[in-house]
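Open the model in your viewer and show it as a cartoon. Keep the selection tool at hand. We will go stop by stop.

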Amino acid sequence: MYAVIKTGGKQYRVVAGEKLKVEQITADVGSEIVLDQVFMVAEGDNIKVGAPLVDGAKVTATIISHGRGEKIRIFKMRRRKHYQKRQGHRQNYTEIQISGISA
């Protein structure tokens, strides 16, 4: 059984027991969260697709940790104009483990 959910402006295909890193969620480590924006739920040949969301479907997950991703280096330059700009960015993330899918 799998589901397609939306969190942090992105869509993810999730299966029970799977770990994934999503955009930062403001909750404590070890707490249970409910992701109720479910676009699709599939179990074998039985597929439910929402318009846009599946009614009554939810995905429960446990927060494992919070962290920061790898540094991304941004470099902008205009040739012959004596302009160079260097910038770095580290995105915050939350690692969650999917504990159950119900439709």
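Select threonine 62 and show what touches it. Leaving aside neighbours within four places in sequence, threonine 62 is in contact with Gly30, Ser31, Glu32, Glu95, Ile96, Gln97 and Ser99. Keep in mind that this is a predicted model. Threonine 62 lies in strand 7. Is threonine 62 buried, partly exposed or exposed? It counts as partly exposed, because its relative accessibility is 23% and the partly exposed class runs between 20% and 50%. Now add glutamine 91 to the selection. Threonine 62 and glutamine 91 are 29 residues apart in sequence, and their C-alpha atoms are 21 Å apart in space.

**The sheet around strand 7**

Next, colour the strands of the sheet that holds strand 7. This open sheet has 4 strands in the order 3-10-7-4, with antiparallel pairing. Look at its edges: strand 3 (19-23) and strand 4 (32-35) each pair on one side only. From one strand to the next, the twist averages 45°.

Zoom in on one edge. Strand 3 pairs with strand 10 (residues 92-102) over 5 bridges, in the antiparallel sense. Select leucine 20, and you will find isoleucine 96 of strand 10 opposite.

Move to the other edge. Strand 4 and strand 7 (residues 58-68) run antiparallel and are joined by 4 bridges. Here leucine 35 stands opposite valine 59 in strand 7.

Stay on strand 4 and show its side chains. In a regular strand the side chains alternate between the two faces of the sheet. Which residues of strand 4 are on the covered face? They are Ile33 and Leu35, while Glu32 and Val34 make up the uncovered face.

**The second sheet**

Now select strands 2, 1, 5 and 6. They form an open sheet of 4 strands in the order 2-1-5-6, with antiparallel pairing. Strand 2 and strand 6 (46-49) stand at the edges with a single partner strand each, so one side of each has no neighbour in the sheet. Neighbouring strands of this sheet are turned by 15° against each other on average, direction ignored.

Walk across the sheet in order:

- Strand 1 and strand 2 run antiparallel, joined by 6 bridges. Select valine 4 to see arginine 13 of strand 2 opposite.
- Strand 1 and strand 5 pair in the antiparallel sense over 4 bridges. Alanine 3 has valine 41 in strand 5 as its bridge partner.
- Strand 5 and strand 6 pair in the antiparallel sense over 4 bridges. Valine 41 has lysine 48 in strand 6 as its bridge partner.

Go back to strands 1 and 2. They form a hairpin with 2 residues between them. Glycine 8, in the turn, has a positive phi of about 65°.

Select arginine 13 again, together with tyrosine 2. Arginine 13 lies over the face of tyrosine 2, at 4.0 Å from the ring centre. How many aromatic pairs does a search of the whole structure find? It finds 0.

**The core**

Last stop: the largest nonpolar core, with 19 residues. Select Val14, Val59, Ile96 and Ile98, which touch the most other members. Strands 1 (2-7), 2 (10-15), 3, 4, 5 (38-43), 7 and 10 each supply at least two residues of this core.

Finish on valine 14. Beyond its neighbours within four places in sequence, valine 14 is in contact with Met1, Tyr2, Ala3, Ile5, Leu20, Val59, Ile98 and Ile101.

Definitions and conventions: Residues are numbered from 1 along each chain as its sequence is written. This is a predicted model: local features need pLDDT of at least 70, side-chain atom pairs count only at pLDDT 80 or more; totals for chains, interfaces and linings use all residues. Side-chain values use heavy atoms; hydrogens and water are left out. Rings of Phe, Tyr and Trp (its six-membered ring) pair if their centres lie within 6.5 Å; planes under 30 degrees apart count as stacked, over 60 as edge-to-face and the rest as tilted. A charge sits over a ring if NZ of Lys or CZ of Arg is within 6 Å of the ring centre and within 35 degrees of the ring normal. Two strands pair if DSSP finds at least two bridges between them. Axes are lines fitted to C-alpha atoms, for helices over the stretch in contact, and angles run from 0 to 180 degrees between N-to-C directions. Buried means under 20% relative accessible area, exposed over 50%, partly exposed in between (1.4 Å probe, protein chains only). A nonpolar core is a set of buried Ala, Val, Leu, Ile, Met, Phe, Trp, Tyr and Cys residues joined through side-chain atoms within 4.5 Å. Contact means heavy atoms within 4.5 Å.
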